[in-house]
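Thank you all for coming. Please have a look at the sequence and the model before I start talking about them.

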There are 2 protein chains.
Amino acid sequence: MEINVVQKVLKVNDELAQQVRERLRAAGVVAVNLISAPGSGKTTLLESVIPLLRDDLRLGVIEGDPETTRDAERIARHGVPVTQINTAGGCHLEANLVLQALDRFDLKALDVLAIENVGNMVCPVGFDLGETKRVAVVSTPEGHDKPAKYPKLFRQTDLVVLNKIDLLPHMDFDEAVFDRDLKELNPDVQLLRVSCRTGEGLDGWADWFRRLSEAGEAAEASA
Amino acid sequence: MEINVVQKVLKVNDELAQQVRERLRAAGVVAVNLISAPGSGKTTLLESVIPLLRDDLRLGVIEGDPETTRDAERIARHGVPVTQINTAGGCHLEANLVLQALDRFDLKALDVLAIENVGNMVCPVGFDLGETKRVAVVSTPEGHDKPAKYPKLFRQTDLVVLNKIDLLPHMDFDEAVFDRDLKELNPDVQLLRVSCRTGEGLDGWADWFRRLSEAGEAAEASA
């Protein structure tokens, strides 16, 4: 009986995610769903890439958090349209919240919408938000065992960003084990190694957004 | 209707948590529920304290993870009785799982049972496991904003362990903001600053377990 209830909610979520997808497609916007543990650096990754993309792409950001508007305030300082979703303690974003947030944007004025999910490696994975691509962020201090321990997230992602690589000299993070476990779960996944502190890898992160947007435009032109 | 289902599950959980509590009390065991984000270092904190307590306390450990027995294997190497709970992707431990795990221990041969919850700062908070004390672990790379962003966890904890303080020189962690936000949420909470890498603060962490066990014995004697 409990399982039935969960399935029902997921079914509704999938329908609403489809509505998000259609609205974004109609406006020519590609969307990215960023999922990670709390404190992996999702907001900082967005803050770091915004200046690099300023001349090429028009970005919008949805921030998901259980409480506070701190992350939205950080993004707003960069002059990028942003909407904060507070889940009132909820552990993941759902499509109905994203659908409501879309009303706060002028979608025609955006190329890319980045959706920062609630910090959680488990619950957000099961909820399609209507995104074009999913990005899993994991930071080096969390340890190289994260793909093996949270396989669903790493199986269902298009890109993995290994963040805070500047801290590697100060900890026991076995990159060979991380890479091997990740490849086993998701042989085709792309991996970017990034440090927002030193700037290493940020160009690749910006390029990833540019290619995503170009692919979105090509798909739109051929539709 | 969804809310009714959730309430029902929580009610069942509270009843089962009470059963856990009674079985532990009858055996003279105090239990600790460790909650944190993935990769905060809960397992390493246990591995670090086990050798320090070997002569004083008989420890047992329950490891909660969505997948793998890696953490239980790490604990077992220290010669401590351990049971792994795999939640099959589930995002938190519930009392019924702990109750089943208790059967795997000789409770009369334990003083302290450490229960390492699934890595998640949101979902485990609502589920009483029958623990004596709750410990929130947060590591410095996660950022000083965690208490403000995940207030429920920090409001409902007896102890906060700030882990990986050896990394403080390499990052922008504002301890004053962290302390202020934490005190605002939970004025009486105890805070331990620890590094498992340098050993700083581990004596205090071991003492916390010793005092907890002594308090449990005193309560038992007066009962």
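I will go from the pairing of the chains to the core, then to the strands, and end with a single residue.

This is a predicted model, in which local features need pLDDT of at least 70 and side-chain atom pairs count only at pLDDT 80 or more, while totals for chains, interfaces and linings use all residues. Residues are numbered from 1 along each chain as its sequence is written, and chains are lettered from A and ligands numbered from 1 in the order in which they are written.

How is chain B related to chain A? A rotation of 180° with 0.0 Å of shift along its axis lays chain B on chain A with an RMSD of 0.0 Å, where the superposition is by least squares on the C-alpha atoms of residues with pLDDT of at least 70 in both copies. That is the relation of a two-fold axis.

Chain B and chain A each bring 33 residues to the contact, and two residues are in contact if their C-beta atoms, placed from the backbone, lie within 7 Å. On the side of chain B that touches chain A, at least two residues come from each of α1 (2–27), α5 (146–149) and α6 (151–155) of chain B. Because 100% of the interface residues of chain B are also interface residues in chain A, the copies meet through the same surface.

Turning to the interior, the largest nonpolar core has 118 residues, and A:V98, A:V112, A:I115, B:V98 and B:I115 have the most contacts inside it. Such a core is a set of buried Ala, Val, Leu, Ile, Met, Phe, Trp, Tyr and Cys residues joined through C-beta atoms within 7 Å; buried means that 20 or more other C-beta atoms lie within 10 Å of a residue's own. Leaving aside neighbours within four places in sequence, B:I115 is in contact with residues including B:L34, B:I62 and B:V98.

Now for the strands, which are DSSP runs of E with at least two residues, whereas helices are runs of H or I with at least four. In chain A, strand β2 (residues 59–65) runs parallel to β3 (residues 82–86), joined to it by five bridges, and four of the five residues of β3(A) are buried.

Finally, is A:T43 buried or exposed? A:T43, which lies in helix α2 (residues 42–53) of chain A, counts as buried because it has 23 C-beta neighbours inside 10 Å. Not counting residues up to four places away in sequence, A:T43 touches A:D71, A:R74 and A:E116.

How values were computed
A residue is buried if 20 or more other C-beta atoms lie within 10 Å of its own, exposed if 12 or fewer, and partly exposed in between; C-beta atoms are placed from the backbone. Two strands pair if DSSP finds at least two bridges between them.
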